[in-house]
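Welcome to a short tour of this protein. Have the sequence and the 3D view ready, and we will look at charged pairs and at a pair of helices.

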Amino acid sequence: MVGEEGEGRQKSCPAPSQDFRLPGKNEDNEKIIKYLTEKREIEKKLVEEWIDRGDIYEEKKHHNVIFVGRDADGIPRYAHCRGTGEIKYRGDVAGSDKSYGFSYRGTDNQLFVFEAAIDWDTRPCLTII
């Protein structure tokens with residue numbers, strides 16, 4: 001039933017790994033906006049919403065898209081890097097806890113599950129209505 005605690009779910013979360021640190025942010029998000037809207041065809045409004053909430057940002061050193069996963073208290077626990085250039089790059093930030101993956105919570109009664117955050121707007125793997 002919706003809203004019930006799942007089996008094995010902890011009421012409190014342990015502290016994030018000491019090794020986990022979000023990569024530094026770039027001064028702007030121009031490259032990731034262009035990459036996500038033009039190459040990945042995700043709606044600009046949605047990309048801007050994620051940026052405004054701090055769920056994604058452009059990494060300073062390599063200009064990767066950083067997808068941030070948070071716990072129930074909003075604390076970042078996971079980060080995934082996705083390259084925006086010609087060289088394809090994917091990787092998780094050291095110390096990331098994969099049980100807190102990137103997610104977007106909509107306002108309707110549909111659940112969409114995707115293979116990766118980058119597939120958000122175009123390729124659902126499972127739809128539950």
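Let us begin with the charged side chains: the count comes to seven salt bridges. Keep in mind that the model is a predicted one. Three of the pairs make a good starting point, and the table sets them side by side.

| Salt bridge | N to O distance |
|---|---|
| Lys39 and Glu86 | 3.5 Å |
| Glu48 and Lys44 | 4.0 Å |
| Asp71 and Arg77 | 2.7 Å |

What does the bridge between Lys39 and Glu86 tie together? Lys39 belongs to helix α1, while Glu86 sits in the loop between β3 (76-82) and β4 (90-92), so this pair links parts that are 47 residues apart in sequence. Are the two partners buried or exposed? Lys39 has a relative accessibility of 51%, and because exposed means over 50%, Lys39 counts as exposed. Glu86, at 73% relative accessibility, counts as exposed too.

The bridge between Glu48 and Lys44 is found within one element. Both residues lie in helix α2, four residues apart, which is about one turn of the helix. Glu48 is partly exposed at 34% relative accessibility, and Lys44 is partly exposed with a relative accessible area of 47%.

Now turn to Asp71 and Arg77, whose closest N and O atoms are 2.7 Å apart. Asp71 is buried, and Arg77 is buried as well. Elsewhere in the list of charged contacts, which residues do shared partners join into one network? The members are Glu49, Arg53, Asp55 and Arg70, connected by salt bridges that have partners in common.

Two of the elements named above also pack against each other. Helix α1 covers residues 30-39 and helix α2 covers residues 44-53. Their axes are 9 Å apart and the packing angle is about 140°. The crossing of α1 and α2 is right-handed.

Which residues meet where these helices touch? From α1 come Ile32, Ile33, Leu36 and Thr37, and from α2 come Lys44, Val47 and Ile51. Sorted by class, this contact has five nonpolar residues, one polar residue and one charged residue. Lys44 is worth finding again in the 3D view: this residue takes part in the contact with α1, and its side chain also meets that of Glu48 in a salt bridge.

Conventions. Residues are numbered from 1 along each chain as its sequence is written. This is a predicted model: local features need pLDDT of at least 70, side-chain atom pairs count only at pLDDT 80 or more; totals for chains, interfaces and linings use all residues. Side-chain values use heavy atoms; hydrogens and water are left out. Axes are lines fitted to C-alpha atoms, for helices over the stretch in contact, and angles run from 0 to 180 degrees between N-to-C directions. Helices (H or I, at least four residues) and strands (E, at least two) are DSSP runs, numbered from the N terminus. A crossing is left-handed if the near helix is turned anticlockwise from the far one by less than a right angle, and right-handed if clockwise. Contact means heavy atoms within 4.5 Å. Ala, Val, Leu, Ile, Met, Phe, Trp, Tyr, Cys and Pro count as nonpolar, Asp, Glu, Lys and Arg as charged, and the others, Gly among them, as polar. Buried means under 20% relative accessible area, exposed over 50%, partly exposed in between (1.4 Å probe, protein chains only).
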